[in-house]
Amino acid sequence: MGIKVLFFGSVTDITQVGELSWDYCADTNILMKGLLGRFPALANKKYFLALNQQIIHENCQLKQGDTVAIMPPYSGG
Amino acid sequence: MADYNRYIRQMILPGFGVDAQQKLAEAKVLIVGMGGLGCPILQYLAGAGVGTIGIMDADRVSLSNLHRQVLFDESDIGQLKVSVAAKKIKKLNSGIQVMQYPFQLNKENALYIIKEFDCVLDATDNFGAKYLINDVCVLLNKTWIYGAVSEYEGQVAVMNNIQIPDSVHYRHLFPKQPLRNEFASCEETGVIGVLPGIIGTMQAAEAIKWITRLGKMQNSRLLNYHFLSGSWYEIGLTHNPEAPVIDESFFYQTNYDMECINEEEELDDIDIAEIDVKQLLEVLKQPGHFVLDVRELHEYPTVDFVHARIPMSVLKESLDQLPNQPVYIICHQGIRSVYAAQYIKLHKGVETYSVKGGLTAYFNTVNNE
């Protein structure tokens, strides 16, 4: 099953996709390290992470089938 | 209630009645921004009978507003948005009071204006205003309803909801204001008209629920809408331990106009020569010139005179793709290209030029010749 990763807003300018499947990894820090390796420009972006539709503020353990969302701030009106 | 017949169709709803209508009539809300989000917010709140509505915007109506700001029409071009909006809304509902603020919200006026209202609707298009609204609402213990769009997506959330204990506010999502150049505004990135219509209407819905205390609110959750997939995604929000304590001294020390550049202020000191389209056309005749397009890859149309296309979002990792020679930089409107020119000049050490007005100006000139 792995991890489902969702990208929102201007983050998709970097990833060019809104969603991808990622091999299972133990926690969100490891996941982000992998994603930064694949999308180096993410390092310059501001965003928060949500695990299974709940915002997280620290490293969190992951289990098979979890969904992680990467949400940047929006400012347009 | 004098206007019973006007509101009868909402008053007969289960749980609504005279009581909810009376709460709407007594409510005072401020809408900051009278653009794509502000127009539908104003129209629906006025229709519903919100008794006092403040509307704030310094801008005038322009032709490129009309595809999304459908309260305005062609005869309004050039007029102040708040005065046009107030005039039209009076025709929709003469029984409510509309207060006009034809200027921008700033640190000097925000406290005493927001103090007069129960709730603020954020219909702004920049981070400085959103952080200012957030901090002032936290200081004054006011609820605000956040709305924003980003290309094909939009989102809404109720912030600092005083009807629930320990409500989150915007700094729990993003404790620090983003750099000015990290994100483009709608002016540059484009927006499909119906999207702020949907998000603004959602904000109006949340405001009506907040005022009448009906139903479940977007309490501590962010609702994200994707136009292309037609889907909503909800994220529950919690307190962020890194969020600053917002008190008076924090407020007075924060520079909402300038904060966004504090990490990049050295860039601001770099003077960039801007060239107009006529000068660009001369450059294109010279051999050996190098033109860089910094628009994102999905932005159209492509143009054949550029030598490289390095989107703004990946520029910092891509400097080695640039030659050691003067670079002429172009984007959609000529805003991002100035920042790209500053960044490349500072970090690559080559002369850079930004094309004033960007491809919009280029096509205007070329098509008129």
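Here's a quick briefing on two protein chains, A and B, and how their pieces fit together. Keep in mind that this is a predicted model. Chain B brings 13 helices and 13 strands, while chain A has two helices and five strands. The two chains touch, with 40 residues of chain B and 22 residues of chain A taking part.

**Overall build**

- Chain B has a radius of gyration of 23 Å, and the globule rule gives 21 Å for 369 residues, so chain B is as compact as a globular protein of that length.
- Laid along its principal axes, the C-alpha trace of chain B spans about 75 × 50 × 40 Å.
- Chain A runs through its elements in the pattern β-α-β-α-β-β-β as you read along the sequence.
- For chain A the radius of gyration comes to 12 Å, close to the 11 Å expected from the globule rule for 77 residues, so this chain too is as compact as a globular protein of its length.
- The C-alpha atoms of chain A fit a box of roughly 35 × 25 × 20 Å along the principal axes.

**Where the chains meet**

- On the chain B side, the elements that put in two or more residues are α6 (127-140), β5 (143-150), β6 (153-159), α7 (186-189) and β8 (231-236).
- Sorted by class, that side of chain B has 17 nonpolar, 14 polar and nine charged residues.

**The five-stranded sheet in chain B**

- Chain B holds an open sheet of five strands, ordered β9-β13-β12-β10-β11, and the pairing is parallel.
- At the edges sit β9 (273-275) and β11 (308-309) of chain B, each pairing on one side only.
- β9(B) pairs with β13 (residues 352-355) of chain B in the parallel sense, over three bridges.
- Within that pair, Ile275(B) is found opposite Val355(B) of β13(B).
- Helix α12 (residues 336-348) of chain B packs on this sheet and touches β12 (327-330) and β13 of chain B.
- The direction of α12(B) makes about 175 degrees with that of β13(B).
- As background, strands of a sheet pair through backbone hydrogen bonds, in either a parallel or an antiparallel way.

**Helix α3 of chain B and its two partners**

- One partner is α4: the axes of α3 (residues 38-48) and α4 (residues 81-92) of chain B come within 10 Å and cross at roughly 30 degrees.
- Angles under 35 degrees count as roughly parallel, so α3(B) is roughly parallel to α4(B).
- The crossing of α3(B) and α4(B) is right-handed.
- Leu42(B), Ala46(B) and Gly47(B) of α3(B) make this contact with Ala85(B), Ile89(B) and Leu92(B) of α4(B).
- By class, the α3(B)-α4(B) contact counts five nonpolar residues, one polar residue and no charged ones.
- The other partner is α8 (residues 194-212) of chain B, which packs with α3(B) at an angle of about 35 degrees, the axes being 7 Å apart.
- α3(B) also passes α8(B) in a right-handed crossing.
- From α3(B), the residues that meet α8(B) are Gly38(B), Cys39(B), Pro40(B), Ile41(B), Tyr44(B), Leu45(B) and Ala48(B).
- From α8(B), the residues facing them in that contact are Gly197(B), Gly200(B), Thr201(B), Gln203(B), Ala204(B), Ala207(B) and Ile208(B).
- The α3(B)-α8(B) contact has nine nonpolar, five polar and no charged residues.

**Backbone spots to check**

- Most residues other than glycine have a negative phi, and most peptide bonds are trans.
- The peptide bond from Tyr300(B) to Pro301(B) is cis, with omega near -5 degrees.
- Pro301(B) lies in the loop between β10 (291-293) and β11 of chain B.
- Over in chain A, Gln16(A) has a positive phi, near 65 degrees, in a residue other than glycine.
- Gln16(A) belongs to the loop between α1 (11-15) and β2 (19-22) of chain A.

Technical notes. Residues numbered from 1 in each chain as written. Chains lettered and ligands numbered in written order. Predicted model: local features only at pLDDT ≥ 70, side-chain atom pairs only at ≥ 80, totals over all residues. Pairing = 2+ DSSP bridges. Helix = DSSP H or I, 4+ residues; strand = E, 2+ residues; numbered from the N terminus. Contact = placed C-beta atoms within 7 Å. Axes fitted to C-alpha atoms, helices over the stretch in contact; angles between N-to-C directions. Nonpolar A, V, L, I, M, F, W, Y, C, P; charged D, E, K, R; others polar. Parallel < 35°, antiparallel > 145°, perpendicular 65-115°, else oblique. Left-handed = near helix turned anticlockwise from the far one by under 90°. Rg over C-alpha atoms; globule rule 2.2 N^0.38 Å.
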